[in-house]
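The exercises below concern one structure. Work each one from the coordinates before reading its solution.

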Protein chains: 2
Amino acid sequence: MPAELPQSLAAAIRFDRTGLIPAVAQDHASGEVLMLAWMNADSIAATLASGFATYWSRSRKRLWRKGETSGHTQRLVELRLDCDGDAILLRVEQVGPACHTGHRVCFFRAVREGGLLEIS
Amino acid sequence: MPAELPQSLAAAIRFDRTGLIPAVAQDHASGEVLMLAWMNADSIAATLASGFATYWSRSRKRLWRKGETSGHTQRLVELRLDCDGDAILLRVEQVGPACHTGHRVCFFRAVREGGLLEIS
């Protein structure tokens, strides 16, 4: 049985056919977009209950509290839902780098002069 | 035939089974996360060629240049790709509100005191 979400959130949210919704994590202080990951109802409930961003790992098929092994946790400041109910924004306090590569953010490559380059 | 992407981008990007990738639009000046939409190869190529954010509308099943009817365009400042190649960040100059509801950003609802509230 899925964990309970706040009723008004549950009524507004639209998961995809696989029960997931994309979640953007943003550093609440700097405004940096840190990463995009996926959540299901249980991971949203776990995030709200624990105060730490918890995603659904599509590869490992299990809940994954960000930083559970690396220590690079994301303390939840605010959970937002978009107009259509099909995307989440997590405003967080990021400890250490957000990216498993060690980069501060996962979006460290950009198109420049016609090619994809590392920019940080 | 899909439009051509820069070779290094095409090699790194990982579309989902339906040929789409989620794209986060961020105001490059304020850092606000404006919205999340979807792109396919053609929409990425159109975005890079035109300099304006162009998405794939999943409901209308066609390319959709943001602001084509509302005038609320997004001039592309930078297109970034994440570490896994399965999410895009568009840093843009947003003209007018980003949201079709008239809100500045699509993420105008947040969980507060156990319920979902409009915060802007």
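**Exercise 1.** Leaving aside its neighbours within four places in sequence, which residues is Phe107(A) in contact with?

Solution. The model is a predicted one.
- Step 1, locate the residue. Phe107(A) sits in the loop between S6 and strand S7 (109-112) of chain A.
- Step 2, list the contacts. With neighbours within four places in sequence left aside, Phe107(A) is in contact with Val33(A), Arg80(B), Asp82(B) and Leu89(B).
- Step 3, classify the burial. The cut-off for a buried residue is 20 or more other C-beta atoms within 10 Å. Phe107(A) has 28 such atoms, so it is buried.
- Step 4, relate it to Ser120(A). The two residues are 13 apart in sequence, and their C-alpha atoms are 8.9 Å apart in space.

**Exercise 2.** Determine whether Gln94(A) is buried or exposed, and find what it touches.

Solution.
- Step 1. Gln94(A) belongs to strand S6 (residues 88-94) of chain A.
- Step 2. There are 24 other C-beta atoms within 10 Å of Gln94(A), so this residue is buried.
- Step 3. Not counting residues up to four places away in sequence, Gln94(A) touches Asp27(A), Leu34(A) and Gln74(A).
- Step 4. Ala11(A) lies 83 residues from Gln94(A) in sequence and 29 Å from it in space, C-alpha to C-alpha.

**Exercise 3.** Describe the fold of chain A by its elements, its dimensions and its contacts.

Solution.
- Step 1. Chain A contains two helices and eight strands. Read from the N terminus, their order is α-β-β-α-β-β-β-β-β-β.
- Step 2. The radius of gyration of chain A is 15 Å, close to the 14 Å that the globule rule gives for 120 residues, so the chain is as compact as a globular protein of that length.
- Step 3. Along the principal axes, the C-alpha atoms of chain A fill a box of roughly 45 × 30 × 30 Å.
- Step 4. Of the 120 residues of chain A, 38% count as buried. Among its contacts between residues at least 6 apart in sequence, 43% join residues at least 24 apart.

**Exercise 4.** Establish how chain B is related to chain A.

Solution.
- Step 1. A turn of 180 degrees with a shift of 0.0 Å along the axis lays chain B on chain A with an RMSD of 0.0 Å. The two copies are therefore related as by a two-fold rotation axis.
- Step 2. Gly31(B) is the residue of chain B that comes closest to this axis, its C-alpha being at 2.6 Å.

**Exercise 5.** Analyse the side of chain B that touches chain A.

Solution.
- Step 1. In the interface, 31 residues of chain B are in contact with 31 residues of chain A.
- Step 2. S5(B) gives the most to this side of chain B, with four residues.
- Step 3. By type, the residues of this side divide into 20 nonpolar, seven polar and four charged.
- Step 4. The copies meet through the same surface, because 100% of the interface residues of chain B are also interface residues in chain A.
- Step 5. Strand S5 (residues 74-81) of chain A pairs with S7(B) in the antiparallel sense over two bridges. Leu81(A) has Arg109(B) as its bridge partner in S7(B).

**Exercise 6.** Which residues touch the most other members of the largest nonpolar core?

Solution.
- Step 1. The core has 66 residues, of which Val24(A), Leu90(A), Val24(B) and Leu90(B) touch the most other members.
- Step 2. Not counting residues up to four places away in sequence, Val24(A) touches Val33(A), Leu36(A), Leu89(A), Leu90(A), Val24(B), Val33(B) and Leu36(B).

Conventions
Residues are numbered from 1 along each chain as its sequence is written. Chains are lettered from A and ligands numbered from 1 in the order in which they are written. This is a predicted model: local features need pLDDT of at least 70, side-chain atom pairs count only at pLDDT 80 or more; totals for chains, interfaces and linings use all residues. Copies are superposed by least squares on the C-alpha atoms of residues with pLDDT of at least 70 in both. Two residues are in contact if their C-beta atoms, placed from the backbone, lie within 7 Å. A residue is buried if 20 or more other C-beta atoms lie within 10 Å of its own, exposed if 12 or fewer, and partly exposed in between; C-beta atoms are placed from the backbone. Ala, Val, Leu, Ile, Met, Phe, Trp, Tyr, Cys and Pro count as nonpolar, Asp, Glu, Lys and Arg as charged, and the others, Gly among them, as polar. Two strands pair if DSSP finds at least two bridges between them. The radius of gyration is taken over C-alpha atoms; the globule rule is 2.2 Å times the number of residues to the power 0.38. A nonpolar core is a set of buried Ala, Val, Leu, Ile, Met, Phe, Trp, Tyr and Cys residues joined through C-beta atoms within 7 Å.
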